[in-house]
Amino acid sequence: MKIVVIGGTGLIGSKLVTMLREHGHEAVPASPKTGVNTITGEGLAEALAGASVVVDVANAPSWEDEAVLEFFKTSTRNLLAAEAAAGVGHHVALSIVGTDRLPENGYFRAKLAQEKLIEESSIPFSIVHATQFFEFVKGIADSAADGDTVRMAPVLFQPMAGDEVAQALFRVSVGSPVNGRVEIAGPEQLRMDEFFRNALAALADPREVVTDPHARYFGSELDERSLVPDDGALLGEITYADWLARTGSGR
């Protein structure tokens with residue numbers, strides 16, 4: 001099949017393109033780097049010609065509330081219109097576990113708006129809800145830092161490896177549309193404060209992790225299950241310790 005990966009030159013997209021090609025599919029990485037822009041429409045019709053599936057893993061260049069909302073709404077509208085014109089039969093989108101649980105979070109609101117556009121379109125779809133990636137652990141800690149202190153809530157946290165996000169997207173993209181959501185997460189469900197205490201130690205990061213029930217996650221106060229999937233999620237096998245050993249990130 002010809003499968004176009006929007007955001008195909010990024011962290012998850014590039015892994016997915018490699019997997020698809022290894023299994024004999026024609027995988028096309030589409031991003032501004034390859035001359036395809038879902039905001040302006042540049043190169044979109046040409047990239048989608050003859051495609052059976054489109055996988056959207058693109059991310060917004062700005063996470064400011066209005067900018068990120070405008071990005072996902074404009075990009076998704078343009079993409080769905082181009083897919084309808086090209087006769088694409090399956091739209092796959094990567095989103096986040098808990099998009100409907102944190103309405104005060106601008107990024108989650110933007111992803112929820114994206115999902116609504118997909119659900120209301122005429123194109124069969126699958127939305128993959130993933131938990132946070134191991135690759136973003138340091139960035140999450142940085143966002144919660146105040147000098148040498150990192151404040152984290154003692155809520156459930158179940159991050160996963162980017163490789164296993166790509167593997168889940170591969171399975172969904174070569175399968176039939178589910179016309180709904182698929183949840184994926186890491187193998188270990190931990191307390192967020194404890195996870196980051198151990199993770200920063202493994203990274204030789206000297207900052208102190210302080211447990212704070214009211215600590216905010218990118219501006220949002222969390223409930224016990226804000227960031228973890230419901231029962232029935234597809235779980236990966238790679239633990240954070242495994243990932244550190246494989247990537248050498250803890251050295």
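This is a short dialogue about reading a predicted model, feature by feature.

Visitor: Where should I begin, and what kind of model is this?

Guide: Welcome! Keep in mind that the model is predicted. A good starting point is the UniProt record, an unreviewed entry, which places the feature "domain: NAD(P)-binding" at residues 7-133. Over residues 7-133 the chain is 43% helix and 17% strand, and the C-alpha atoms at the two ends are 16 Å apart.

Visitor: How do I read a sheet, and in what order do the seven strands stand?

Guide: The general idea is that strands of a sheet pair through backbone hydrogen bonds, either parallel or antiparallel. Here, seven strands form an open sheet with parallel pairing, and their order is S2-S1-S3-S4-S5-S9-S14. The edges are S2 and S14; each has a single partner strand, so one side of each is left without a neighbour in the sheet.

Visitor: Which strands pair with S9?

Guide: Strand S5 (residues 125-130) runs parallel to S9 and is joined to S9 by five bridges. In that pairing, Val128 stands opposite Val182. S9 also pairs with strand S14 (residues 234-235), again in the parallel sense, over two bridges; there Ile184 faces Leu234. As for cover, S9 (residues 180-185) has five of its six residues buried.

Visitor: Where can I find mixed pairing?

Guide: Look at the open sheet of three strands, which has the order S6-S7-S11. Strand S6 (145-146) and strand S11 (208-211) are its edge strands, each pairing on one side only. S6 and S7 run antiparallel, joined by two bridges, and Ala145 has Val150 in S7 as its bridge partner.

Visitor: I clicked on Met152 in S7. Is Met152 buried or exposed?

Guide: Met152 has a relative accessible area of 2%, so Met152 is buried. This residue is found in strand S7 (residues 149-152). Leaving aside residues up to four places away in sequence, Met152 touches several others, including Ile140, Met192, Phe196, Val209 and Ala215. You can also compare positions along the chain and in space: Met152 and Leu222 are 70 residues apart along the chain, with 9.9 Å between their C-alpha atoms.

Visitor: Now for helices. Which residues of H1 are buried?

Guide: First, the general idea: an α-helix has 3.6 residues a turn, so residues three or four places apart point the same way. In H1, the buried residues are Ile12, Gly13, Leu16, Val17, Met19 and Leu20. Seen down the axis of H1, these fall within an arc of 165°, so they line one face of the helix. Among the elements that cover them are strand S1 (2-6), strand S3 (53-56) and helix H6 (162-173).

Visitor: How does the length of H1 compare with what it should span?

Guide: Helix H1 (residues 11-22) has twelve residues, and at 1.5 Å a residue they should span 16 Å; the end C-alpha atoms are 17 Å apart, which agrees.

Visitor: What does a positive phi tell me, and where do I see one?

Guide: Most residues other than glycine have a negative phi, and most peptide bonds are trans. Just after H1, Gly24 takes a positive phi of about 90°. Ala204 is not a glycine, yet has a positive phi of about 60°. You will find Ala204 in the loop between helix H7 (192-202) and S11, and with a relative accessible area of 64%, Ala204 is exposed. Phe218 is another residue other than glycine with a positive phi, near 50°; its place is the loop between strand S12 (216-217) and strand S13 (220-221).

Visitor: How do I read aromatic pairs, and how many are there?

Guide: A pair of aromatic rings is described by the distance of the centres and the angle of the planes. The structure holds 13 aromatic pairs. One of them is Phe195 with Phe196, an edge-to-face pair at 5.2 Å centre to centre, with 85° between the planes. Both Phe195 and Phe196 are buried. For Tyr217 and Phe218, the ring centres are 4.9 Å apart and the planes are at 85°, so this pair is edge-to-face.

Visitor: How covered are Tyr217 and Phe218?

Guide: Tyr217 counts as buried at 7% relative accessibility, whereas Phe218, at 37%, counts as partly exposed. Together with Trp63, Phe71, Phe72 and Tyr107, Tyr217 and Phe218 form one aromatic cluster.

Note on methods:
Residues are numbered from 1 along each chain as its sequence is written. This is a predicted model: local features need pLDDT of at least 70, side-chain atom pairs count only at pLDDT 80 or more; totals for chains, interfaces and linings use all residues. Side-chain values use heavy atoms; hydrogens and water are left out. UniProt positions are given in the numbering used here, feature names are shortened, and annotations may be inferred rather than shown by experiment. Helices (H or I, at least four residues) and strands (E, at least two) are DSSP runs, numbered from the N terminus. Buried means under 20% relative accessible area, exposed over 50%, partly exposed in between (1.4 Å probe, protein chains only). Contact means heavy atoms within 4.5 Å. Two strands pair if DSSP finds at least two bridges between them. The expected span of a helix is 1.5 Å times one less than its number of residues. The arc is that of the directions from the helix axis to the C-beta atoms. Rings of Phe, Tyr and Trp (its six-membered ring) pair if their centres lie within 6.5 Å; planes under 30 degrees apart count as stacked, over 60 as edge-to-face and the rest as tilted.
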